[in-house]
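Okay, hi everyone, thanks for making the time. I'd like to walk you through a structure that will be new to most of you, so let's put it on the screen.

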Amino acid sequence: MCRSIKTLRPPVLPGEATDEDIHAAALQYVRKVSGFRAPAAHNREVFERAVAAVAEATAELLDGLEVKGRTRPNVELASID
């Protein structure tokens with residue numbers, strides 16, 4: 001596991017993960033797997049596509065996770081009067 005990648009789901013992350021958080025994690029993952037901190041020019045396109053795909057999968061995962069004991073921020077709770 002790449003130690004630079006932080007957990008992005010609540011309650012570990014105080015708020016919702018931003019696009020920047022997700023992109024940074026995806027970039028660290030692709031760097032670790034590829035063994036390149038920065039790709040050579042002839043590998044740049046495939047490297048960037050991989051980062052985008054990992055970021056998309058990460059966002060989808062985070063959107064679908066249900067953390068017990070925590071309400072989803074986009075769900076409004078009915079008030080009890």
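Let's start with one pair of side chains: Lys6 and Asp21 form a salt bridge, and their closest N and O atoms are 3.8 Å apart. The pair ties together distant parts of the chain, since Lys6 sits in the segment before H1 while Asp21 belongs to helix H1, 15 residues apart. And is Lys6 tucked away or out in the open, would you say? Something in between: Lys6 comes out at 48% relative accessibility, so it counts as partly exposed, because the exposed class begins over 50%.

I should say right away that this is a predicted model, so please keep that in mind as we go.

Let me zoom out for a second. The protein chain has two helices and zero strands. There are 81 residues in the chain, and buried ones make up 19% of them. If you take the contacts between residues at least 6 apart in sequence, 52% of those join residues at least 24 apart. As for the surface, the chain exposes about 6600 Å², with carbon and sulfur atoms supplying 54% of that.

Okay, back to salt bridges. How many does the structure hold? Two. You've met the one between Lys6 and Asp21, and the other is where the side chains of Glu45 and Arg49 meet, at 2.9 Å from N to O. Here both partners lie in helix H2, four residues apart, which is about one turn of the helix. Glu45 is exposed, with a relative accessible area of 57%. Arg49, at 49% relative accessibility, counts as partly exposed. The line between those two classes is drawn at 50%, so these partners get separate labels.

Next, the second largest pocket. How do you find a space like that at all? Rolling a probe the size of a water molecule over the atoms shows where empty space is left. In this pocket, that space comes to about 230 Å³. It has 14 lining residues, and the ones closest to its centre are Ile5, Lys6, Leu8, Ala25 and Thr58. So there's Lys6 again, the salt-bridge partner of Asp21.

Which helices help to build the lining? Helix H1, running 19–34, and helix H2, running 44–64, each supply at least two residues. H2 gives the most, with four residues. By type, the lining divides into ten nonpolar residues, two polar and two charged.

While we're on this part of the model, have a look at Ala24, which has its place in helix H1. Ala24 is partly exposed, with a relative accessible area of 40%. In sequence, Ala24 and Ile5 are 19 residues apart, and in space their C-alpha atoms are 7.9 Å apart. Ile5, remember, is one of the residues closest to the centre of that second largest pocket.

Last stop: the loop between H1 and H2. Arg37 lies there, and Ala38 is found there too. Are they buried or exposed? Arg37 counts as exposed at 61% relative accessibility, and Ala38 counts as exposed at 56%. Now look at Leu27 from each of them. Arg37 is ten residues from Leu27 in sequence and 9.1 Å from it in space, C-alpha to C-alpha. For Ala38 and Leu27, it's eleven residues in sequence and 9.9 Å between the C-alpha atoms. And what does Arg37 touch, once you leave out residues up to four places away in sequence? Arg31 and Phe47.

So, to recap: two helices, zero strands, two salt bridges, and a second largest pocket with about 230 Å³ of space. That's my tour, thanks for listening.

Methods
Residues numbered from 1 in each chain as written. Predicted model: local features only at pLDDT ≥ 70, side-chain atom pairs only at ≥ 80, totals over all residues. Heavy atoms only, no water. Buried < 20%, exposed > 50% of the residue type's maximum accessible area, 1.4 Å probe, protein only. Contact = heavy atoms within 4.5 Å. Areas by Shrake-Rupley, 256 points an atom, 1.4 Å probe, with all protein chains shown as cover. 1 Å grid on protein atoms, 1.4 Å probe; cavity = no way out; pocket = protein on both sides within 12 Å on 5 of 7 lines; lining within 4 Å. Points joined across faces, edges and corners; volume = space filled by probe spheres on them. Nonpolar A, V, L, I, M, F, W, Y, C, P; charged D, E, K, R; others polar. Salt bridge = Lys/Arg side-chain N within 4 Å of Asp/Glu carboxyl O.
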